[in-house]
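Colleague: I am new to this one. Could you take me through it, one question at a time?

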Amino acid sequence: MHRSLTSSTLTELRQPRPYPAVTVVLPTHRREPDNAQDPVRLRNLLAEAKERLRADPAVTAERAADVSAQLDKALEEVDLVHAEDGLVVLAAPGEHQVWSVARSVPARVMLADTFLTRNLVAAQAAERPYWVLAVSADRVSLWSGTPERVTEHQTDGFPLTRDLEHPDAQRKERIGDLPSTFQDEQTRTFLREADRALSAVLGAEPRPLFVAGEAAALSLLHDVGTAAHGASPIRHGGLAQGPASAVHEAVRPALADRAEAEQDAALKELDGAQGRKQYAAGLDEVWQNAMTDRVGLLAVEDGYRATVRDHGGHLVPAESGDLDARDDIVDEIVERALDGGAQVRFLAEGTLADRGRIAAVLRY
């Protein structure tokens, strides 16, 4: 349940499916006593999804049984003991997926020919994913990170490892011809290989990059390649083997610095746009501009949610459960803004209090 959401994964999830593609979304809780009812709520939503499958005249009995079985398999994979703030269960003929997200979501069941991904898209944007490359002379590992955790990326050639035992080390040491670990050609070749692997990953999934290692390792990596140029250095050795908790702890101060810098930059851009009259603030105004792909930068307070309905082309407040109520309108705006090529920044709660908790820099 704690896989990293990547852009490529989201693109694949948003592809059309054979009808019905079922999306079940559930708000979950991290702690007692709030989490006590999560298993019951989940079973009730899955039962509702199965009932809707059986009652839908466009779904054959065979296909309803297939998707219901996929929902059962998904239920077996759910780990509510380590729940976050939201759970998304996806099922279609022959497939199922379970995603845990660190972002509140509205409860809902949807049958369509695509999965509902707006909550996943918004969660990925809010997570601000990053990469950590941990470098040592005999192992280079890559870690996929969010503010809450890191997990080791064990594909695309990572981790890279080698044997440091030199076949003629004793003789070379006697005559003073054994180079230091970060000066010999074998190490240079090893780190060039790591640079090529990193370049491929960043090309497919661009993210902020942190590089961790001893000063000599970071210097040599910079000399032999280009993929890590511009990365934030973490001068901390011994992380190439992990564990994940140590990598996360080492990068935490740099993450805080980056988040503060990004927040300051976003507020500065909003101020400049306001002076140029390329600015929108408040839910209704931002929504209208997002729907016409005018948003270049979207700034949202982290955790901001609102329930609305569309009243003659304008959003008005509504209660959850009202006819035509849209509980996830903020996530919908985030998804649409990203689809239109906008940058999205989630800022600390209270940062946008005088801007309606959501604001945008417009393209024109």
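What follows is a short exchange about this predicted model.

Colleague: Which element supplies the largest share of the largest nonpolar core?
Modeller: That core has 26 residues. Several elements, including α4, α9 and β12, each supply at least two of its residues. The largest share is 5 residues, and the element that gives them is α10.

Colleague: Leaving aside neighbours within four places in sequence, which residues does I333 contact?
Modeller: I333 is one of the core residues that touch the most other members. Its place in sequence falls in α10 (329-339). With those neighbours set aside, its contacts are L283, V286, W287, A290, L298 and I358.

Colleague: How many residues make up the second core?
Modeller: This core is separate from the largest one. Its members include V135, L142, A217 and A228. The count is 25 residues.

Colleague: How far apart are the end C-alpha atoms of α8, and what span should its residues give?
Modeller: Helix α8 covers residues 244-276, which is 33 residues. At 1.5 Å a residue, the helix should span 48 Å. The end C-alpha atoms agree with that, at 45 Å apart.

Colleague: Where does α8 bend?
Modeller: The bend is about 40 degrees. A proline, P253, follows within four residues of the bend. Buried residues of α8 include V251 and A254. The bend is at R252.

Colleague: What is the handedness of the crossover from β9 to β10?
Modeller: β9 (residues 209-213) and β10 (residues 232-235) run parallel, joined by 4 bridges. In one pairing, V211 has P233 as its partner. The chain passes from β9 through helix α7 (residues 215-224) to β10. This β-α-β crossover is right-handed.

Colleague: Which residue precedes P243 in a cis peptide bond?
Modeller: P243 lies in the loop between β10 and α8. The omega of the bond is near 0 degrees. The bond into P243 comes from G242.

Colleague: What is omega for the cis bond from Y19 to P20?
Modeller: P20 sits in the loop between α1 (7-13) and β1 (21-27). The bond is cis, with omega near 5 degrees.

Colleague: Is D324 buried or exposed?
Modeller: D324 lies in the loop between β14 (314-317) and α10. Its phi is positive, about 65 degrees, although D324 is not a glycine. Its relative accessibility is 59%, and the cut-off is over 50%, so D324 is exposed.

Colleague: What is the relative accessible area of R357?
Modeller: R357 is in the loop between β15 and β16. Its phi is positive too, near 70 degrees. R357 is partly exposed, and its relative accessible area is 27%.

Notes: Residues are numbered from 1 along each chain as its sequence is written. This is a predicted model: local features need pLDDT of at least 70, side-chain atom pairs count only at pLDDT 80 or more; totals for chains, interfaces and linings use all residues. Side-chain values use heavy atoms; hydrogens and water are left out. A nonpolar core is a set of buried Ala, Val, Leu, Ile, Met, Phe, Trp, Tyr and Cys residues joined through side-chain atoms within 4.5 Å. Buried means under 20% relative accessible area, exposed over 50%, partly exposed in between (1.4 Å probe, protein chains only). Contact means heavy atoms within 4.5 Å. The expected span of a helix is 1.5 Å times one less than its number of residues. The bend at a residue is the angle between axes fitted to the seven residues ending there and the seven starting there. Two strands pair if DSSP finds at least two bridges between them. A crossover is right-handed if, with the strands pointing away from the viewer, the path from the first strand over the helix to the second runs clockwise.
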